[in-house]
Amino acid sequence: MRLISFCKILLLSGCFTTVCTSMNAQDKVMKKQDSPIDIDLWQNGLPNTNGMEAQGYDDKKNNFKPSIRVYLPKASQQPARAVIICPGGGYGHLAMAHEGYDWAPFFNEQGIAAIVLKYRMPNGNREVPMSDAYEAIRYAKEHASEWNINPDCIGIMGFSAGGHLASTVATHASEELRPAFQILFYPVISMESKYGHGGSCRQFLGEKATEELKKEFSNEYQVDSLTPRAFIALSDDDRGVVPMNSIRYYSALKEKEIPAAMYIYPSGGHGWGMKDSFKFRNEMLMELKAWLMTF
């Protein structure tokens with residue numbers, strides 16, 4: 001890793017024992033399915049509505065049909081880990097490329113299945129994107145044997161507002177659907193006016209959200225002893241989602257003694273994802289790869 005002239009803040013919790021217990025190896029190498037696999041969620045009907053479905057799904061109008069795209073790694077004897085990827089977009093649109101599909105090769109190279117979630121916009125109904133994320137996890141667990149993944153080692157990843165969705169799942173999910181790990185890039189964490197991203201808050205909670213509701217979904221307050229380990233990355237000069245979102249979440253994790261690593265890069269602003277233009281892209285990928293090897 002090249003030296004840089006800026007000060008880089010690294011907060012790393014150290015080495016920890018695995019939480020992703022490997023399943024018994026298969027008797028022989030499983031045949032890899034064609035990848036990627038596109039799957040519509042809620043094939044038996046939606047559990048809730050954002051009021052947009054009657055218009056007809058149209059990605060260009062940010063009216064997304066809930067679905068997942070599954071990228072499986074090279075077949076091996078041991079079931080793979082998997083990660084559900086939630087692109088960002090302020091809960092108003094989705095950056096499906098550099099915060100979604102473009103990450104598949106990286107994870108597949110690590111032997112990890114990448115499952116990119118196209119979730120519905122809340123339009124004021126927070127249950128909509130939350131239920132899509134939960135369904136993606138449930139579906140992946142249900143098809144774990146078919147895809148040769150470990151159902152007990154499915155994590156969640158999110159960017160910006162997608163980071164809020166990922167951290168909401170990490171802190172609010174039932175034990176059955178709780179992810180094994182979380183990866184957050186410049187995440188929205190707070191719904192409170194001091195630190196939160198106003199547009200994400202309005203889209204997620206609606207225009208008339210109470211202070212009590214805002215606190216409930218300010219996820220720094222929802223960390224408990226069962227919250228999964230975390231990797232957090234952001235830029236110091238982020239003006240879109242202020243760094244205190246990540247810092248407060250990291251602090252909450254450490255108060256509960258949850259393994260966590262946080263990397264704050266000196267520049268880059270907001271929304272870089274997998275873009276080549278991000279100056280510290282190579283460092284970020286090396287650090288994420290190293291973190292994934294610690295459990």
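Which side chain makes a polar contact with the side chain of R281? In this predicted model, where local features need pLDDT of at least 70, side-chain atom pairs count only at pLDDT 80 or more, and totals for chains, interfaces and linings use all residues, the partner is the side chain of D276, at 3.5 Å. A polar contact here is a pair of N or O atoms within 3.5 Å; within protein, one atom must be able to donate a hydrogen and the other to accept it, and residues adjacent in sequence count only if both atoms are side-chain atoms. Residues are numbered from 1 along each chain as its sequence is written, and side-chain values use heavy atoms, with hydrogens and water left out.

Now for the overall picture. The protein chain has 8 helices and 9 strands; helices (H or I, at least four residues) and strands (E, at least two) are DSSP runs, numbered from the N terminus. Of its 295 residues, 55% count as buried, where buried means under 20% relative accessible area, exposed over 50%, and partly exposed in between (1.4 Å probe, protein chains only). Contacts (heavy atoms within 4.5 Å) mostly link distant stretches of the sequence: among those with a separation of 6 or more, 80% come from residues 24 or more positions apart.

Back to R281, which sits in helix α8. Leaving aside residues up to four places away in sequence, R281 touches M274, K275 and D276. Helix α8 itself runs over residues 281–292, and its 12 residues reach 17 Å from the first C-alpha to the last, close to the 16 Å expected at 1.5 Å a residue (the expected span is 1.5 Å times one less than the number of residues). R281 is one of the buried residues of α8, along with E283, M284, L285, E287, L288, W291 and L292. Together, the buried residues of α8 pack against two kinds of neighbor: the helix α1 (104–109), and the strands β4 (80–86), β5 (112–118), β7 (181–185), β8 (229–235) and β9 (260–265).

Helix α5 gives another view of packing. Its buried residues are S200, C201, F204 and L205. These lie on the same side of α5, because they cover an arc of only 100° around the axis, the arc being that of the directions from the helix axis to the C-beta atoms. As a rule, an α-helix has 3.6 residues a turn, so residues three or four places apart point the same way. The buried residues of α5 pack against α2 (127–142), α4 (161–172) and α6. Right after α5 comes G206, with a positive phi near 95°. A bit further on, K208 lies in the loop between α5 (198–205) and α6 (211–216), and K208 counts as exposed because its relative accessible area is 80%. K208 and G124 are 84 residues apart in sequence, yet 9.4 Å apart in space, C-alpha to C-alpha.

What about cysteines? C201 counts as buried because its relative accessibility is 9%, and C86 does too, at 0%. The structure holds 0 disulfides, a disulfide being a pair of cysteine sulfur atoms within 2.5 Å.

Two asparagines round things off. Most residues other than glycine have a negative phi. N62, however, has a positive phi of about 60°, and N148 has one near 55°. N62 is found in the loop between β2 (37–40) and β3 (67–71), and is partly exposed because its relative accessible area is 26%. N148 lies in the loop between α3 (144–147) and β6 (149–159), and is buried, with a relative accessible area of 10%.
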